[in-house]
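Please open the model in your viewer and keep the selection box handy. We will walk through it one stop at a time.

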Amino acid sequence: MHLATSSLLENLHMSLPYNQIGELGVKALHVLRHFPCLHTLDLNLSANKIGDLPIPTLAYALHTAPNLLSLRLSMSFCNLGPDAAHALADLSELRRLVLDLSHNRLGAVGAMAISLVCDAPHLSSLDLSLAANGLGKGSIWQLARHAGLGLHRLRLDLTGNYLHSKDAASLAILADSPTLSRLEINLSCNNIGQDGAERLAYLGSNPRMDSKIALVFNDVSDLSTLPTMPHAHFVM
């Protein structure tokens with residue numbers, strides 16, 4: 001892989017899924033930090049046998065790119081674990097981040113690690129997919145706690161992670177966020193249940209925040225029994 005640096009390049013789109021890009025290919029992307037005018041980057045590396053080892057090099061390049069403000073990074077089906085999540089959490093200069101880490105092996109430790117990305121001081125919009133990562137019950141309390149501190153828009157895809165009503169209660173604290181105005185959470189194919197749905201209804205108590213919650217295949221028996229919250233919209 002070869003990239004020629006350019007002092008004029010402001011927007012870059014690279015789609016490289018299913019290309020057998022391994023450790024050396026990802027490390028070659030360190031040249032991104034030498035693009036001084038790069039503002040927006042869309043990088044799709046999904047479905048490559050990457051693993052954790054080269055991710056710190058990639059994360060450092062993205063962190064030190066001098067004017068990078070908006071990043072869309074797709075790394076689903078890349079065999080990423082908690083160490084990759086730790087490395088990717090340090091993207092502190094971004095304003096907008098779309099991060100697809102679905103179908104990896106982050107687990108609860110990785111979920112807690114990636115939650116630190118929410119602490120980036122200038123980040124206002126985060127779209128984070130952690131679908132099918134084996135997060136497990138009780139794994140997202142820290143993610144919910146950090147996400148409500150400074151973001152204006154948050155979209156979370158937590159599909160298929162064996163989450164329970166306790167996790168719904170953790171997410172409900174986002175209703176107390178002083179900054180969020182738009183919230184979307186996909187909790188399909190978990191074990192949220194009726195009790196968890198009732199806890200999530202609390203998200204509609206914040207009149208400054210519009211919420212949309214997907215609860216497909218969660219054993220929620222009756223939405224009509226949930227508290228009426230005009231700012232919370234459920235999808236079944």
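Start by selecting R105: its relative accessibility of 41% makes this arginine partly exposed. Keep in mind that you are looking at a predicted model.

**The partner of R105**

Now add D52 to the selection. The two side chains form a salt bridge, with 3.9 Å from N to O; the cut-off for such a contact is 4 Å. D52 sits in the loop between β2 and α2, while R105 belongs to the loop between β4 (96–100) and α4 (107–114), so this contact ties together parts 53 residues apart in sequence. Is D52 buried or exposed? D52 is buried, at a relative accessible area of 15%. Side chains of opposite charge can pair when their charged atoms come close.

**The strands**

Next, colour residues 40–44, which are strand β2, and residues 11–15, which are strand β1. These two run parallel and pair over five bridges. To see the register, pick H13 and look across to D42 in β2, which stands opposite.

Then bring in strand β3, residues 70–74. β2 also pairs with β3 in the parallel sense, again over five bridges. Here the residues to click are L43 and, opposite it, L73 in β3.

How does the chain get from β2 to β3? Show helix α2, residues 55–64: together with β2 and β3 it makes a β-α-β unit, and that unit is right-handed.

**More charged pairs**

How many salt bridges does the structure hold? There are six, and the D52–R105 contact you have just visited is one such salt bridge.

For another, select R182 and E184, whose closest N and O atoms are 3.4 Å apart. R182 is partly exposed, with 32% relative accessibility.

Move on to helix α7, residues 193–200, where D195 and R199 both lie, four residues apart, or about one turn of the helix. Their side chains meet in a salt bridge of 3.1 Å, N to O. D195 is partly exposed at 38% relative accessibility, and R199 is partly exposed as well, at 39%.

**Last stop: cysteines**

Finally, select C37 and C78. C37 is partly exposed, having a relative accessible area of 28%, whereas C78 is buried at 0%. How many disulfides does the model contain? The count is zero, taking a sulfur–sulfur cut-off of 2.5 Å.

Key. Residues are numbered from 1 along each chain as its sequence is written. This is a predicted model: local features need pLDDT of at least 70, side-chain atom pairs count only at pLDDT 80 or more; totals for chains, interfaces and linings use all residues. Side-chain values use heavy atoms; hydrogens and water are left out. Two strands pair if DSSP finds at least two bridges between them. A crossover is right-handed if, with the strands pointing away from the viewer, the path from the first strand over the helix to the second runs clockwise. Buried means under 20% relative accessible area, exposed over 50%, partly exposed in between (1.4 Å probe, protein chains only).
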